[in-house]
Structure formats: C-alpha cells, structure tokens
Amino acid sequence: MITPLAFDVAHLFAGSLVLVSFMLLYQDRMTGLVNTFALHALVVSFSVAWQAYIQQAPHLYITAAIALGIKAIVIPVVLHRMIVRLGIHRTIEPVVGVGLTMLAGIGLIALSIMVMLPITAQAGTLAREDLAFALSVILLGLLMMISRRNAVSQVIGFMSIENGLILAATGAKGMPLVVEISVAFSILVALIVIGIFLFRIRERFETVDIHLLHEHRGEQP
Amino acid sequence: MTAELLLWCVAALLATGAAGLLLHRRPMASAAVYAASLAITAAALTISARALLSPASLNGVISLPLGLPWLGTHFKVDALSAFFLLVINVGGAMASLFALGYGRHEETPGRVLPFFPAFLAGMNAVLLAADAFTFLFAWEFMSLSSWALVMAHHRRAGNAAAGYLYLLMASFGTLALLLAFGLLAGPSGAYDFAAIRQMPPAAAVSAVVLVLALIGAGSKAGLVPLHVWLPLAHPAAPTHVSALMSGVMTKVAVYGFVRIVFDLLGPPTWWWGAVVPFIGGITAVMGVLYALLQNDLKRLLAYSTVENIGIIFVGLGLALAFEANEMQAAAALAFTAALLHVFNHSLFKSLLFFGAGAVLSSTGERDMDRLGGLIHRMPRTAFAFLIGSAAISALPPFNGFVSEWLTFQAILLSPTLPQWLLKFLVPAVGALLALAAALAGACFVKAFGFTFLGRPRSDIAREAADTDRWSIAGMFILAALCLVAGILPGYFIDALGPVIEAMTGASLPRQEQLDWLTIVPIAQSRSSYNGLLVFFFIVLSASLAAEAIHRWASAAVRRSAPWDCGFPDSSPATQYSPGSFSQPIRRVFGSVLFRAHEEVQMPPPGDASPARLQVRLRDLPWDVIYAPMARAVAYCAERVNALQFLTIRGYLTLVFSALVVLLMVLAIWQ
C-alpha cells in the first residue's frame with residue numbers, strides 16, 4: 001500500500017517533470033536547452049527510481065540507471081559537442097512568441113487532465129495523476145517540436161516525448177525491462193542517425209534550419 | 001443435391017477459365033473453352049430447370065469452410081434462384097454456342113478465353129449465395145471478370161474510358177450493396193440470409209436499405225440515372241460477352257434487387273410502390289429514346305436494355321405497391337409479369353446481340369450508316385434478327401408481347417389501390433410504358449431496316465457473307481424459344497408459380513388446363529390472351545395475303561422505269577439514313593432531354609464542297625449529375641493535394657493538431 005509520503009514524493013517528481021518541460025519551452029539558447037534537457041532526464045530517472053522503491057520492482061532501478069546514464073549524461077554531452085562543432089553554440093534561437101507558446105502549453109495540460117481523469121476513474125490515484133502528467137509531457141514535447149526551427153531542438157523535443165512515455169509506463173505497474181531497454185536503444189540510434197544527418201545537412205547547406213530544406217525537395221506543387 | 005451439383009458446375013467453369021489462361025495460344029483453345037462452357041452451362045441449365053419444376057426437391061444450405069472464418073460460405077438454391085439460374089444458363093449456353101463460331105475471329109483470345117467462363121461462374125455463384133459475404137464476393141467477382149472482358153480490346157478508341165467508368169460505377173454499386181447488407185445484418189452482424197430473414201429491420205432502416213438496393217442493383221442493371229456506363233461498356237466487349245452482359249448480367253442485378261427487397265427486407269411500405277415504378281417508367285422512356293438516336297447497332301441494343309430494365313422495374317414496383325396493400329393476387333400478377341420479362345428479355349436481347357455480332361464479324365461495321373441491304377447477303381441472320389426485333393417490340397405472337405401485356409394488366413388494376421398518390425401515379429407510369437413500347441417499335445424498325453434493308457451503304461456491306469453455322473444455330477434456337485414462349489405462355493407462367501408463391505404469398509391461377517392454351521391472369525371477365533390463336537391467325541392471314549399478291553398482283557406487274565421510285569441517282573447516299581429516321585423524335589425531345597444542338601455549315605459562295613449538318617447530343621443525367629460531381633471531386637482533390645507539399649514542421653503541426661482535436665472531442669464527448 002502506498003503511504004501518503006510515497007504518494008507525495010511521486011507526485012512531486014511527476015509535477016517537476018511537467019515544470020521542466022515548460023522550462024524547455026522558453027529556452028532560447030542552444031546550450032541552455034541542452035542543459036535543461038539534462039535536468040529533464042534527471043528528474044525522470046529520480047521519478048523512476050522512486051517508483052522502483054515504492055513498487056519494490058528492482059528492474060525499474062535499471063531503467064532509472066539507463067535514463068540517468070544515457071539521457072542525463074551521454075546524450076547532453078554528445079549534443080554539446082555537436083553544437084560546438086556545428087558552431088551554433090552562440091546561436092540564439094528565435095522562439096516564436098514565448099508567451100503564446102506557454103499559454104498553449106497551459107491549455108494542453110488542462111486538456112490532458114480533462115481527458116485523463118474521467119477515463120481512468122477506476123485506476124489508482126497515483127496512476128491517474130501520473131498518466132495525466134505523462135500526457136502533458138508528451139503534448140508539450142510535440143509542441144516544442146513544432147514551435148522550433150532548429151533540428152537540434154527538434155531532437156530534444158523528440159527525446160522529451162520519450163521521457164513522458166517512460167513516466168507513463170512506470171506509473172502503471174510493471175513495464176518489462178526489455179521494452180525499456182529497447183526504447184532506450186532506439187532513442188540512442190535515433191540520436192546517432194539524426195546527428196549524422198545533421199552534419200550532412202550542415203555540409204550541404206551550411207545551416208541546420210530545417211525550413212531551408214524544404215526548398216530542396218524533389219517534387220513541388 | 002441441386003446446390004451441390006451447381007457448385008460443381010461453378011468449379012468446372014472456373015477450371016475452364018484456368019485452362020483458357022494456360023492454353024490460349026493453342027489453335028484449338030477457343031473451340032475447346034467454348035465447348036466446355038457450353039457443356040457445363042447446359043448441365044447447369046438442366047439442373048436448374050428440374051429444380052424450378054419440382055421445388056420440393058430443393059433441400060438445405062451447403063456451408064463450406066471458405067471465406068471469413070467465423071462465417072464460412074453458404075449456398076442454397078430456392079425457387080427464385082432456380083429461376084434466375086435457368087435464365088442465366090440459357091443465356092450462357094447460347095453465348096457459348098454462338099462463340100464457337102464467333103470466337104474464331106477473336107484477335108486476342110488470351111484476353112477473352114480465361115475470363116468468359118469465369119464471368120459465367122461468377123454470375124452462377126451470385127445466385128447460389130446464401131449469405132451476404134458470399135453474395136458480395138461473387139458479385140464483385142462477376143463485376144471484375146466482366147470488366148476484364150470489356151477491356152479485352154482496350155486499345156480501341158473509347159474502350160479504356162468505358163472500362164474505367166464501368167469499374168467506377170460497379171465499385172459504387174457494390175459499396176451501396178455492402179451498406180445495405182450491413183444495415184440488414186444489424187448490430188449483431190448476422191450475415192446469413194436465413195438469420196436476416198428472422199429479424200426484419202425497423203421502418204426507417206428498411207427505407208434506407210431500399211434506396212441502397214436501388215442504387216446497388218440499379219447501377220448494375222442500368223436504371224436511369226445510373227445507366228451512363230452501360231451503353232459504353234456493353235458494346236465495348238466482344239459480342240458474345242455483350243450479349244451476356246446485356247441479356248444476362250442485368251438479370252443478376254434484378255435478382256439482387258428482388259432478393260433484398262422482396263425476400264430479406266420484410267413487408268413493404270406503400271410508398272415503395274410509388275418510387276420504384278416511377279424510376280422504372282422514366283428509365284424505360286429515356287432508355288428507348290436514347291436507343292432511337294443511336295447509329296451504332298450495338299450501342300442501340302445496349303440502350304434498349306436500359307428500356308427493358310425499366311419495364312421490369314415497373315413490374316417489380318407494382319408488385320411492391322400491391323403487396324403493401326395486401327392485394328396478393330395483383331402482386332402475383334405484377335411479379336409474374338416482371339419475371340417473365342426477365343426471361344423474355346434475356347432471350348431476345350441475346351438474339352439481337354448475336355445478330356449484331358454476326359453483322360460485325362462479316363462486315364467489320366457497327367455503324368448503321370455504313371450497312372444496309374444485308375438481307376440479301378445474310379438472309380438467315382436477317383430472319384433471326386427480324387424475329388428478335390418483333391419480339392422486343394412486343395409484337396404478338398412473340399414472347400415480348402406476353403410479358404408487357406401482363407405488366408399492363410397489372411397497371412389496369414391500379415385504381416383499386418387505396419392511396420391517392422398511387423391511383424394517379426401508376427396510370428401515368430402506364431402512359432410512360434405505352435410511350436416506351438411504341439418508341440421501341442420505331443427503334444427496331446430502324447435497327448432492322450437500316451441494317452438489313454435498302455441498298456448497301458458501303459462496299460464492305462455489299463460483299464458481306466452470312467456467318468458460320470454455330471452462330472446461326474445459336475440465333476435460331478433463341479428465335480424458336482421466343483416464338484414458343486410467345487405462343488405457349490401458360491406453361492411458363494405455371495413454371496413460375498413456386499417463385500411467385502414464395503415472394504408474394506400468392507400465385508396466378510393454373511393456366512395449363514384452360515382451353516386452347518389461353519392465359520387468363522386474373523378472372524375470365526377481365527381479359528385473356530391466346531398466343532396460339534394469334535399465331536395461327538397471323539400465319540393464315542399472312543400466307544393468304546402473300547398468295548393473293550403473288551397470284552394476282554405480281555403477275556400484273558410489268559418492269560419499267562418511268563419515275564425510278566424516287567431514286568433517279570443510284571448512289572446509296574440518296575437513301576433515307578438512320579439519322580433522318582430518328583430526326584423527328586430528336587426534334588420533339590431534343591432541346592430538353594438531349595440538349596440537342598444542330599448546326600448547318602454552309603460552304604462560302606463559290607466553294608463546291610458539300611454543306612454539313614452537325615448534330616450534337618448530350619446525355620442529360622451526365623450533364624446534370626455526373627459532370628458536376630466529377631468537378632467537385634476534382635476540386636476537392638486539388639485542394640487536398642496541397643497536403644503533399646508541406647514542410648516537416650507543417651506535417652508535425654498537422655499531426656499535433658489532429659491529436660489535440662481528437663483529445664478535445666474525447667474530453668467533451670465524455
């Protein structure tokens with residue numbers, strides 16, 4: 001049985017994850033963005049570790065360790081080096097209307113709570129709150145992907161979606177470790193592929209602004 | 001047992017098709033495939049005729065573990081399907097017989113031989129099906145195999161477009177039937193016909209099913225305004241296939257309508273009896289008017305099919321009206337008339353198409369402007385075609401007269417209907433039908449007259465030779481059947497008894513014990529018809545007249561050329577032409593129904609070239625319904641096409657907004 005303290009702590013971590021997602025939304029420098037993403041991954045790994053503790057599910061510790069090792073350390077380091085090598089570490093990315101994006105984000109959180117709470121009426125309180133938070137994180141990640149132009153920000157948005165998925169999966173009891181490992185690996189592979197792709201784009205077009213890619217598509221109306 | 005044997009026939013036809021696919025390069029392949037089709041359809045014909053005459057021998061459902069795993073496929077023969085199986089296999093056997101000769105001229109046998117037996121198999125399978133899935137599967141199989149046959153000569157001008165239109169309309173019709181069966185099956189998904197019969201749908205649902213059945217079956221049968229594909233696709237196929245499509249496949253569509261509306265849908269509502277005859281009447285008149293304006297012989301015949309489908313649907317609709325008012329005897333009369341016309345039309349339409357095919361194979365022409373005088377070159381074809389023309393124009397003593405007469409008898413019973421709308425509407429439909437019958441006469445005067453009479457309008461028509469004996473045999477058997485069904489209709493009506501009984505709950509009184517083979521559909525006081533007596537009278541008076549003319553009049557004739565009978569110029573172009581023949585009709589109905597546009601192009605003064613009269617006709621449903629629909633589809637497609645060219649962020653935004661909208665719907669809907 002979950003004690004009030006355990007519930008509160010789990011709630012705190014999930015809530016912080018949504019908060020960090022908001023922080024991702026208004027970062028306008030590349031380095032700040034990557035650092036915030038590292039924080040995002042850190043919060044996820046704490047949240048998963050706490051779930052492992054209260055559910056007495058030791059395999060979740062491995063999940064937490066993977067999240068900590070790969071997403072909070074390896075990926076941010078790789079991204080930092082990539083940014084430096086691409087020479088965009090001083091770039092200030094224009095975030096289209098911070099105020100508007102934040103308002104849209106608040107709307108998305110309200111939406112996910114309105115959707116999730118009624119359908120999960122039968123589930124436990126913790127799972128309900130967790131699912132609502134996880135959906136918010138996913139929607140905020142999508143919002144980030146569409147409100148940014150830089151390919152690096154899109155990668156980060158994509159990976160924050162994945163963090164949301166992990167939050168949802170660990171809140172519901174017992175996601176098999178295999179699934180988690182495969183998801184983590186696919187994220188890593190995606191990072192490598194996108195990284196290579198970014199350098200190729202950069203070599204060819206001397207920018208990573210994906211808007212400019214559009215003009216080079218084969219078929220045009 | 002019957003269903004089992006017929007299923008073996010279907011399997012044998014499919015095997016023949018496969019053999020045709022493998023062996024079509026061999027020189028004897030054509031003869032072998034058609035001979036096999038002839039043997040199999042003749043066997044199926046015998047089996048179904050026996051089933052129709054002794055319906056007690058029909059037993060239960062055969063289920064095979066094919067198709068959907070939780071449903072299986074069910075096959076059953078009852079009186080109704082036995083009758084339609086008979087119609088189809090008569091047509092199929094005759095088409096195979098005709099093709100034994102005609103198929104030798106086929107330049108691409110590989111495109112015809114595999115699909116012809118498959119087409120026959122598909123039509124038989126539709127009639128055997130006893131659940132919705134099997135029915136629709138067989139229906140689609142039939143559509144696709146006939147589409148392949150339409151596309152046999154796909155390089156010829158217009159055929160590819162005709163095939164495309166056919167495919168589109170066939171898919172649309174199947175979609176409508178799919179929805180109809182979905183509604184009939186209800187939420188529990190009972191697709192078995194027996195299960196559907198157990199629970200008739202609510203009134204609103206059955207109205208929708210009626211409309212869907214009209215669209216689904218009507219698009220295959222050629223009801224106006226769903227007929228547009230028919231006059232393009234039917235003539236495009238090789239002629240024996242045209243005969244099958246026009247004479248037989250449209251009957252499968254009628255079967256689909258009857259099966260859904262009379263059998264599965266439960267008791268009718270009275271307004272159904274207003275809608276169906278009205279559409280039928282319009283179809284009959286429009287069909288024959290279009291037919292009358294055609295100069296292409298096969299296209300004329302295809303449009304005439306539209307007319308006859310109209311007559312059949314008038315009969316079916318009247319049966320619905322009478323049945324809704326519990327006038328079972330009258331419903332039985334109207335239904336008998338419709339089914340008899342189904343049988344008759346399959347006979348004479350196949351016969352006429354064979355005639356057109358014989359003309360086509362010996363002259364290479366379908367255009368009546370380049371035919372003429374063929375009665376001297378092809379006397380036997382001309383004779384058979386004449387009998388078919390008389391039968392389709394509903395002249396006694398042939399079979400067309402009997403069924404149309406019965407339809408009119410049913411129309412004459414309409415004042416006894418209680419609803420005022422029907423009291424007014426049905427006589428109006430009767431007037432439309434009378435108009436159609438008269439115009440059909442004119443239409444076939446044109447078809448026969450300009451093809452076989454007069455002087456040849458081209459060199460190729462001057463040197464034509466009569467066709468081979470297989471084709472002649474096919475035509476003469478059909479002509480004989482037309483005559484037999486015309487002078488002995490009582491036996492045919494009696495044979496239909498079990499079908500009528502099963503569908504309307506009553507049947508016409510037995511006709512066979514009446515004196516002199518008279519038929520009396522309702523009661524002695526109303527009216528009666530004796531085909532045999534009419535036949536003897538016609539034979540006797542015609543022989544006497546001929547004798548008298550030859551004895552007294554011909555002998556007095558001396559050959560001289562004082563006035564040249566209006567032909568001072570011997571050029572065949574001075575003859576009355578098919579276009580001139582239909583010009584009065586075109587002028588009367590032209591501006592409204594056909595949007596006719598006539599233009600005279602005079603050469604400038606001093607120029608010796610001839611003046612030209614150009615007539616342009618449009619199909620009204622095409623302009624009013626199909627062209628705007630096509631424009632709307634093209635417009636939407638063009639707008640949606642922009643989605644193909646978004647940026648990556650654009651696509652992500654699209655996905656994201658779709659997700660958000662769905663979530664909002666979910667949040668609000670709860």
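Where in chain B is B:Pro397 found? It sits in the loop between α15 (379-392) and α16 (399-412) of chain B. Keep in mind that this is a predicted model, and then have a look at the bond just before that proline: B:Pro396 and B:Pro397 are joined by a cis peptide bond, with omega at about 5°.

There's another cis bond to look up in chain B. B:Val224 and B:Pro225 are linked through a cis peptide, again with omega about 5°. B:Pro225 belongs to the loop between α8 (203-221) and α9 (230-236) of chain B. While you're checking loops, stop at B:Glu326, which isn't a glycine yet has a positive phi, near 60°. You'll find B:Glu326 in the loop that runs between α12 (297-324) and α13 (328-363) of chain B. Why point these out? Most residues other than glycine have a negative phi, and most peptide bonds are trans.

Now zoom out to chain B as a whole. The chain has 24 helices and four strands. Its radius of gyration comes to 26 Å, close to the 26 Å that the globule rule gives for 670 residues, so chain B is as compact as a globular protein of that length. Along its principal axes, the C-alpha trace spans about 100 × 75 × 60 Å. Chain B is split into domain 1 (1-188), domain 2 (582-618) and domain 3 (628-669). Going by C-alpha atoms, the centres of domain 1 and domain 3 of chain B are 42 Å apart.

What about charged pairs? Over all chains, the structure holds 13 salt bridges. One to click on is B:Glu107 with B:Arg156, whose side chains meet at 3.2 Å, N to O. B:Glu107 lies in the loop between α3 (79-102) and α4 (115-128) of chain B, and B:Arg156 in the loop between α5 (132-150) and α6 (159-185), so this pair ties together parts that are 49 residues apart in sequence.

Finally, bring chain A into view. Here 21 residues of chain A are in contact with 16 residues of chain B. Between them the two chains bury about 1700 Å², and 76% of that is on carbon and sulfur atoms. How many salt bridges are there between chain A and chain B? The count is zero, and it is also zero for residue pairs in polar contact, counting pairs with both residues at pLDDT 80 or more. On the chain A side, the elements giving two or more residues to the surface that touches chain B are α4 (98-119) and α5 (125-147). The residues on that side of chain A divide into 14 nonpolar, three polar and four charged.

Conventions: Residues are numbered from 1 along each chain as its sequence is written. Chains are lettered from A and ligands numbered from 1 in the order in which they are written. This is a predicted model: local features need pLDDT of at least 70, side-chain atom pairs count only at pLDDT 80 or more; totals for chains, interfaces and linings use all residues. Side-chain values use heavy atoms; hydrogens and water are left out. Contact means heavy atoms within 4.5 Å. Buried area is the accessible area (1.4 Å probe) that two parts lose on being put together, summed over both. A salt bridge is a side-chain nitrogen of Lys or Arg within 4 Å of a carboxyl oxygen of Asp or Glu. A polar contact is a pair of N or O atoms within 3.5 Å; within protein, one must be able to donate a hydrogen and the other to accept it, and residues adjacent in sequence count only if both atoms are side-chain atoms. Ala, Val, Leu, Ile, Met, Phe, Trp, Tyr, Cys and Pro count as nonpolar, Asp, Glu, Lys and Arg as charged, and the others, Gly among them, as polar. Domain bounds come from an automatic or database domain assignment. The radius of gyration is taken over C-alpha atoms; the globule rule is 2.2 Å times the number of residues to the power 0.38.
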